[in-house]
Amino acid sequence: MTTPTIVIHRDTDVLVQAVAARLITRLVDAQAAHGDASVVLTGGTAGIATLRAVAASPACAAVDWSSLSVWWGDERFLPTGDADRNETQAREALLDHVPVDPSRVHAMPPLVDGLTPEDAASQYAEVLARETEKRLHSGAPAFDVLLLGVGPDGHVASLFPEHPALHDDRAVVGVRGAPKPPPERVSLSMPVIRSADEVWLVVAGADKAPAVRMALGGSGPVQIPAAGAQGQRATRWLLDRTAAAELPPGLGRPASP
């Protein structure tokens, strides 16, 4: 796997703007290389702020949105349109403002009567297998870029420390008993996360600093799942100064004074 690149930004606003610009460039480059592109979105404050920044960017129109496949790394198992769903927030922040092809926006199944998180995971895995069969790495989808947030406990997507879902090698897993609400979720598994060409961990806030330090300091992925989130071609830790505050001096490069 790849050695992480660590970039430290002055503050959260600068981080969000820089990640948005980087994402637009990455998608344009992917489309130039193979005609389309794929991105896996994340939720969270910084993740959704990044999507808003993409929508507001003058360079937004450089992306061929009709040739972009959109996926999610995880989802809260809640009804369609619930304000806490990552899908709802992503649509409001970006997807409702760009000409995406609805058939290429792949939201995780919502909570409906009779559907369990495991059912939802199986359904999403079927769509994933069908729609990504032409671009695979070791049998898993080779997404162009996969965005992740990192929780104060070091979780990524809905893969929490020492949780059974961490050990599940199916493409998509149903999560029960998550330590933060809501307890039922759906998540890509760690093998699928690690199949992406590039994995970007976008982290802001002092409460994340211990997790960032442990993930980059040699902790194992069972204790700190973020430590296991690596891309095939690139792994980028994109941090604000407060999230990077506990890193050893010299680890990471400042992106701005």
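# Notebook: loops, rings and a buried arginine

**Entry 1, Pro248.** I started at Pro248, which counts as partly exposed because its relative accessibility is 46%. My cut-offs are under 20% relative accessible area for buried, over 50% for exposed, and partly exposed in between, with a 1.4 Å probe and protein chains only. I'm working on a predicted model, so local features need pLDDT of at least 70 and side-chain atom pairs count only at pLDDT 80 or more, while totals for chains, interfaces and linings use all residues. Residues are numbered from 1 along each chain as its sequence is written, and side-chain values use heavy atoms, with hydrogens and water left out.

I found Pro248 in the loop between strand S11 (234-240) and strand S12 (253-254). Helices here are DSSP runs of H or I with at least four residues, strands are E runs of at least two, and both are numbered from the N terminus. I also checked Pro248 against Gly217: the C-alpha atoms are 9.0 Å apart, with the two positions 31 residues apart in sequence.

**Entry 2, the whole chain.** I counted six helices and 12 strands in the protein. Its radius of gyration is 17 Å, close to the 18 Å from the globule rule for 257 residues, so the protein is as compact as a globular protein of that length. That radius is taken over C-alpha atoms, and the rule is 2.2 Å times the number of residues to the power 0.38. The C-alpha trace spans about 50 × 40 × 35 Å along the principal axes.

Of the 257 residues, 54% count as buried. I then looked at contacts (heavy atoms within 4.5 Å). Among those between residues at least 6 apart in sequence, 76% join residues at least 24 apart.

For charges, I have 22 positive and 30 negative side chains, and the centres of the two sets lie 6 Å apart. Lys and Arg count as positive and Asp and Glu as negative, without His or the chain ends. Each charge is placed at NZ of Lys, CZ of Arg, CG of Asp or CD of Glu.

**Entry 3, aromatic rings.** How many aromatic pairs are there by the ring rule? I get two. The rule pairs rings of Phe, Tyr and Trp (its six-membered ring) with centres within 6.5 Å; planes under 30 degrees apart are stacked, over 60 edge-to-face, and the rest tilted.

Trp71 and Tyr124 make an edge-to-face pair, at 5.8 Å centre to centre and 75° between the planes. Trp71 sits in strand S3 (residues 68-72) and Tyr124 in helix H4 (residues 117-131), so this pair ties together parts that are 53 residues apart in sequence. Both Trp71 and Tyr124 are buried.

Trp71 also pairs with Phe143: the centres are 6.3 Å apart and the planes at 55°, so I log this pair as tilted. Phe143 is in the loop between strand S6 (140-141) and strand S7 (145-148), 72 residues from Trp71. Phe143 is buried too. Trp71, Tyr124 and Phe143 form one aromatic cluster.

**Entry 4, more on S3, and helix H3.** Ser69 lies in strand S3 as well. Ser69 counts as buried because its relative accessibility is 13%. Beyond four places in sequence, Ser69 is in contact with Ala37, Ser38, Val39 and Arg104.

S3 came up again when I looked at helix H3 (residues 86-93), whose buried residues are Asn86, Glu87, Thr88, Ala90 and Ala93. These pack against S3, strand S2 (37-41), helix H2 (44-56) and strand S4 (74-76).

**Entry 5, backbone oddments.** Which peptide bond is cis? The one from Pro181 to Pro182, with omega near -5°. Pro182 is in the loop between strand S8 (172-175) and strand S9 (185-188).

I noted positive phi in two non-glycine residues: Ala157 near 50° and Glu162 near 60°. Ala157 lies in the loop between S7 and S8, and so does Glu162. Is each buried or exposed? Ala157 counts as buried at 10% relative accessibility, whereas Glu162 counts as exposed at 62%.

**Entry 6, Arg185.** Last stop was Arg185 in strand S9. Arg185 is buried, with a relative accessible area of 2%. Its C-alpha is 4.7 Å from that of Phe77, though the two residues are 108 apart along the chain. Leaving out residues up to four places away, Arg185 touches a list that includes Asp74, Glu75, Arg76, Phe77, Ser158 and Phe160.
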